[in-house]
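Student: I'm new to this one and would like to go through it with you. Can we look at it piece by piece?

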Amino acid sequence: MRHFSVVPSWLRFLMILLLVMCILFRFVYIDRKVYSADETYTSLRISGYTVAEVKQELFKGRIISRENFLEFQNTNVDKGFSDTVMSLALESPEKSPLYFIIARFWVEIFGNSVVAIRCLSALISLLVFPCLYWFCQELFNVISLPILAIALMANSPIPLVYAQEAREYIFWLVTIILASTALLRAIRLQSKHKSDTFTSWGIYVVTLALSLYTCLWTIFVAIAHGIYVVLIAKLRLTETVRSYLIATIFGFMTFLPWLLIVFARFFQFLLSSDGINSQDINTIPLIPFLLAQVSRSFFDLDLSLDAQLNYWISSLFIFLVIYATYFFCRTTNYQVWLFLILLIVVPALPLILQAVNSGGIRPGSEPYLLPSYLGIQTIVAYLLSTQMYNGNVSHRRIWQIIIGLLIVCSLISSRLYYQADTWWNKGISYGNPEIARFINQKSRPLLISNFSEINYGNVFSLSYIVEPKVRFQLLKDQTVPTIPNDFTDIFLLNPTNAWRQQIVRKYQLKPNLVYGDDDYLIWKLVKPPSGR
């Protein structure tokens with residue numbers, strides 16, 4: 001790998017340029033995207049309130065305005081850090097508490113606006129690049145490959161999407177890279193400098209615990225690490241294996257208090273998301289889902305492409321990844337390629353098995369593939385780094401063009417993303433900007449909804465983007481509400497057919513579907529003409 005030892009000046013310049021652009025894309029228009037249902041749960045947990053308290057206060061059938069929602073999205077002196085942790089422990093133990101504690105501290109200093117809370121994720125996302133550089137150095141012990149990996153990931157669509165979301169996922173990516181790098185470093189020092197063993201494995205304990213307290217899916221990353229250590233030891237109980245087992249035990253012991261809460265809640269962390277019931281959401285076929293996600297690592301136009309065109313574009317990137325993986329495994333030591341293959345496969349395997357068993361994969365499962373995205377990006381960076389130096393001039397030029405095209409694809413994706421008001425990661429809240437624009441056109445609109453998992457998060461999401469004139473009427477169940485006569489337009493948010501028909505019959509209204517997809521319907525109830 002001596003051809004990696006010198007980094008060309010154009011590559012240095014390219015990395016600096018892409019880093020500057022990635023910073024701009026992360027912070028410009030950071031509040032433009034809809035504040036999704038999942039993000040409103042983040043604000044709820046930070047505030048220290050529970051869903052049960054919200055249901056008791058807001059879902060009583062009275063007419064309320066969007067200001068009523070703010071109480072449960074803002075911090076106050078009556079709720080402290082312990083309430084934030086308790087809110088998670090009582091209702092969402094599948095969400096590890098570290099990010100929410102940090103976010104609580106952050107909003108107490110900078111406020112709880114959409115800009116402020118998303119800026120925390122954007123700042124954390126910048127840590128990905130020095131961590132990725134250290135990771136590639138430990139894995140390959142070369143110079144130009146980490147530079148190119150950073151250049152590719154700087155504007156990769158996937159990290160950008162989670163860098164502008166008030167969720168824990170970009171922080172989790174940072175901890176995954178740190179824990180993986182710490183493991184590789186500990187293994188390297190175990191074989192060369194036994195005096196540094198205690199410190200190096202201690203760093204792994206700390207980074208593993210941080211990752212576990214950020215996201216429970218780290219358990220599968222830790223399993224991948226364990227399989228790797230055992231396989232490179234050729235199934236023998238070597239000193240490295242013993243050190244790994246001790247470090248892992250200590251890492252999980254630090255996480256034991258929260259793990260006991262999870263066990264008490266019957267493993268609700270598996271494929272779980274705040275307040276969303278899997279029975280309420282249609283699944284996505286596994287193969288199209290995986291094709292789309294691999295493609296989105298390099299090129300992401302949201303849902304704007306024709307399905308057939310999107311399939312062919314995805315196929316091109318799949319071919320690139322397959323060839324890169326083949327080349328990577330053929331030209332590197334097994335201790336190198338085995339680590340990344342396990343990092344890609346093991347954390348994704350539970351999602352794939354669940355999808356095979358149920359006939360599809362749940363929307364919202366995309367963040368749990370972040371370890372796989374990391375492995376794929378690194379493997380492609382290795383392919384490009386080797387090919388732009390090897391072969392004759394024309395061969396190198398072809399691969400330099402491919403590098404340029406990948407960077408152009410990521411820049412196009414980033415340009416479209418930062419100007420959009422919604423994106424695929426917004427899940428059930430994807431259509432809320434369109435719904436809000438339609439409702440805001442009316443003079444005195446009333447939005448009626450009941451308490452269900454999808455509706456709860458979406459009324460909070462809509463409260464951020466509707467105008468002050470919009471009023472809400474929220475009910476705990478599917479009872480027929482008492483609708484005042486002074487509203488010009490009445491909307492039903494995602495009602496069941498039976499509930500909608502009951503309201504229509506009582507008030508002699510005509511229902512018109514104004515927005516609809518597989519999981520989310522908005523009906524407008526039209527009053528009959530006067531005199532009839």
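Student: Which residues does F491 touch, not counting residues up to four places away in sequence?
Tutor: This is a predicted model, where local features need pLDDT of at least 70, side-chain atom pairs count only at pLDDT 80 or more, and totals for chains, interfaces and linings use all residues. Residues are numbered from 1 along each chain as its sequence is written, and side-chain values use heavy atoms, with hydrogens and water left out. Contact means heavy atoms within 4.5 Å. Leaving out residues up to four places away in sequence, F491 touches F438, I439, K442, P445, L446, L447, I448, I522, W523 and K524.

Student: Is F491 buried or exposed?
Tutor: F491 lies in strand 4, residues 489-493; helices (H or I, at least four residues) and strands (E, at least two) are DSSP runs, numbered from the N terminus. A residue is buried under 20% relative accessible area, exposed over 50% and partly exposed in between, using a 1.4 Å probe and protein chains only. F491 has 0% relative accessibility, so it counts as buried.

Student: How far apart in space are F491 and L447, C-alpha to C-alpha?
Tutor: Along the sequence, F491 and L447 are 44 residues apart. L447 is also on the contact list of F491. In space, C-alpha to C-alpha, the two are separated by 4.7 Å.

Student: Which residues have the most contacts inside the largest nonpolar core?
Tutor: A nonpolar core is a set of buried Ala, Val, Leu, Ile, Met, Phe, Trp, Tyr and Cys residues joined through side-chain atoms within 4.5 Å. The largest one here has 133 residues, and those with the most contacts inside it are F135, F140, Y228, F339, L340 and V380.

Student: Which helix gives the largest share of this core?
Tutor: The largest share is 13 residues. They come from residues 169-192, that is, helix 11. There is also a second, separate core of 27 residues, with L447, V459, L462 and Y520 among its members. But for the largest share of the largest core, the name you want is helix 11.

Student: How many residues of helix 2 are buried?
Tutor: Helix 2 spans residues 37-47 and is mostly covered. Its buried residues include Y41, L44 and R45, and the buried set packs against helix 3, helix 5 (81-91), helix 6 (98-110), helix 7 (114-125) and helix 21 (453-463). Of its 11 residues, the buried ones number 10.

Student: Which residue takes a positive phi just after helix 2?
Tutor: The phi there is about 90 degrees. The residue with that value is G48.

Student: Which residues does V51 touch, not counting residues up to four places away in sequence?
Tutor: V51 is found in helix 3, residues 51-58, and is buried because its relative accessible area is 13%. Its C-alpha is 47 Å from that of T197, which is 146 residues away in sequence. Not counting residues up to four places away in sequence, V51 touches Y41, L44, R45, E91, F451 and Y456.

Student: What is the phi of Y29?
Tutor: Most residues other than glycine have a negative phi. Y29 is found in the loop between helix 1 (9-27) and helix 2, and is partly exposed, with a relative accessible area of 37%. Although Y29 is not a glycine, its phi is positive, about 55 degrees.

Student: Is L235 buried or exposed?
Tutor: L235 sits in the loop between helix 13 (218-232) and helix 14 (239-264). Its phi is near 65 degrees, a positive value in a residue other than glycine. With 66% relative accessibility, L235 counts as exposed.

Student: What separates the C-alpha atoms of G404 and L152?
Tutor: G404 lies in helix 19, residues 393-419, and counts as partly exposed at 30% relative accessibility. G404 and L152 are 252 residues apart along the chain. Their C-alpha atoms are separated by 9.9 Å.

Student: What radius of gyration does the protein chain have?
Tutor: The secondary structure comes to 22 helices and 6 strands. The radius is taken over C-alpha atoms, and the globule rule is 2.2 Å times the number of residues to the power 0.38. With 532 residues, a compact globule would come out near 24 Å, which agrees with the chain's value of 25 Å.
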